[in-house]
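These are my notebook entries on a single protein chain. I set out to record how its helices pack and what lies between its domains.

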Amino acid sequence: MKISAEEKHQLKTLNKRGIALAAKLGMKPVEIVVSNRRGNTNAFINLSEDKVYVGAGVLMMPEWAQNFIVGHELGHLLRKRSQLIFYKVIGLLVLFIVGGCLSISQAGDINTMATLMMLMIGGLGLNLIVAFASRYEEYHADFVATKLTGRHTLSRVADLYDSDITDDDPWLVKAFSRHPTWSQRVAKHC
Ligand SMILES: [Zn+2]
């Protein structure tokens with residue numbers, strides 16, 4: 001992605017701080033790269049790489065917020081191995097549920113409607129498990145970031161973001177969300 005000279009400079013200093021933060025966690029240097037649209041303040045990792053992707057908007061955020069955001073993503077990278085295993089197990093469960101439902105329906109004991117219902121219930125159950133585990137991972141990544149940047153940085157960062165999910169959402173929406181609400185995140189660590 002094309003970025004301005006100022007953003008390039010910001011990215012360079014962010015990378016320097018990112019390396020120092022990773023060293024504090026006993027990690028090898030991790031590269032920080034710009035992922036996407038100008039103004040976007042998201043950050044994420046890809047489980048197959050040792051990189052942190054940040055939206056170009058992150059480069060213009062205050063240094064303490066950048067450190068928290070990078071620290072949070074480093075927290076995710078620290079758990080890369082267990083995350084990969086978790087998703088492999090989920091993949092196997094999907095195959096098991098689909099295979100199980102199809103073989104039961106082929107045995108002729110139940111009709112197509114019942115098979116679809118079983119698949120749906122299995123799918124919903126797996127989604128709930130993945131959402132619960134993802135929220136757990138978010139709390140863990142926040143724990144790592146607060147260890148690096150101080151407990152109160154989380155609540156300061158929370159003030160900078162609009163939430164896509166809030167405490168006012170129905171419990172069912174929250175149960176299927178892969179992210180806790182910002183106030184849940186702040187309550188957990190501050
Ligand atoms: Zn996260």
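**Entry 1. Helices α4 and α7.** I worked from a predicted model throughout. I began with α4 and helix α7 (residues 182-189), whose axes lie 10 Å apart and meet at an angle of about 55°. That angle is why I entered α4 as oblique to α7. I noted the crossing of these two helices as right-handed. I then listed the residues in contact: α4 brings Glu138, Tyr139, Asp142, Phe143 and Thr146, while α7 brings Arg185, Lys188 and His189.

**Entry 2. Glu138.** From that contact I picked out Glu138, which lies in helix α4. Is Glu138 buried or exposed? I counted 20 C-beta neighbours inside 10 Å, so Glu138 is buried; the cut-off for that label is 20 or more. Apart from neighbours within four places in sequence, I found Glu138 in contact with His179, Pro180 and Arg185. I also checked a distance along the chain: Glu138 and Met113 are 25 residues apart in sequence, and their C-alpha atoms are separated by 37 Å.

**Entry 3. Helices α2 and α4.** I turned next to another partner of α4. The axes of α2 and α4 are 7 Å apart, at an angle of about 130°. I therefore described α2 as oblique to α4. The crossing of α2 and α4 is right-handed. On the α2 side I recorded Trp64, Asn67, Phe68, Gly71, His72, Leu74, Gly75, His76 and Leu78 as making the contact. On the α4 side the contributors include Glu137, His140, Ala141, Phe143, Val144 and Leu148.

**Entry 4. Ala141.** I looked at Ala141 separately, a residue placed in helix α4. With 21 C-beta neighbours inside 10 Å, Ala141 is counted as buried. Which residues does Ala141 contact, leaving aside neighbours within four places in sequence? I found His72, Gly75 and His76. For a distance, I took Ala141 and His152, which are 11 residues apart in sequence and 15 Å apart from C-alpha to C-alpha.

**Entry 5. Helices α3 and α4.** I then examined helix α3 (residues 80-106) against α4, and obtained an angle of about 170° with the axes 9 Å apart. This makes α3 roughly antiparallel to α4, since angles over 145 degrees are put in that class. Among the contacting residues of α3 I noted Phe86, Ile90, Leu93, Val94, Ile97 and Val98. Those of α4 include Thr112, Met118, Leu119, Leu126, Val130 and Glu137.

**Entry 6. The two domains.** The domain assignment divides the protein chain into domain 1 (5-75) and domain 2 (80-189). I found 25 Å between the centres of the two domains, taken over C-alpha atoms. The contact draws 13 residues from domain 1 and 16 residues from domain 2. On the side of domain 1 that touches domain 2, α1 and α2 are the elements giving two or more residues. The largest share of that side comes from α2, with eight residues.

**Entry 7. The nonpolar core.** I next looked up the largest nonpolar core, which has 24 residues. Val52, Val54, Ile69, Val70 and Leu74 have the most contacts inside it. At least two residues of this core come from each of α1 (5-24), β1 (31-34), β2 (43-45), β3 (51-54), α2 (63-78), α4 (112-149) and α5 (153-158). The largest share, five residues, is that of α2. Where does this core lie with respect to the domains? Both domain 1 and domain 2 give residues to the core, so I placed it between them. In soluble globular proteins, nonpolar side chains tend to be buried together. For Leu74 I wrote down the contacts with Leu21, Ala22, Leu25, Met27, Val30 and Val144, not counting residues up to four places away in sequence.

**Entry 8. The chain overall.** I closed with the totals. The protein chain has seven helices and three strands, in the order α-β-β-β-α-α-α-α-α-α along the sequence. Its C-alpha atoms fill a box of roughly 65 × 35 × 30 Å along the principal axes. Of its 190 residues, 23% count as buried. Among contacts between residues at least 6 apart in sequence, 59% join residues at least 24 apart.

Key: Residues numbered from 1 in each chain as written. Predicted model: local features only at pLDDT ≥ 70, side-chain atom pairs only at ≥ 80, totals over all residues. Core = buried A, V, L, I, M, F, W, Y, C linked by C-beta atoms within 7 Å. Buried ≥ 20, exposed ≤ 12 C-beta atoms within 10 Å, placed from the backbone. Helix = DSSP H or I, 4+ residues; strand = E, 2+ residues; numbered from the N terminus. Domains from an automatic or database assignment. Contact = placed C-beta atoms within 7 Å. Axes fitted to C-alpha atoms, helices over the stretch in contact; angles between N-to-C directions. Parallel < 35°, antiparallel > 145°, perpendicular 65-115°, else oblique. Left-handed = near helix turned anticlockwise from the far one by under 90°.
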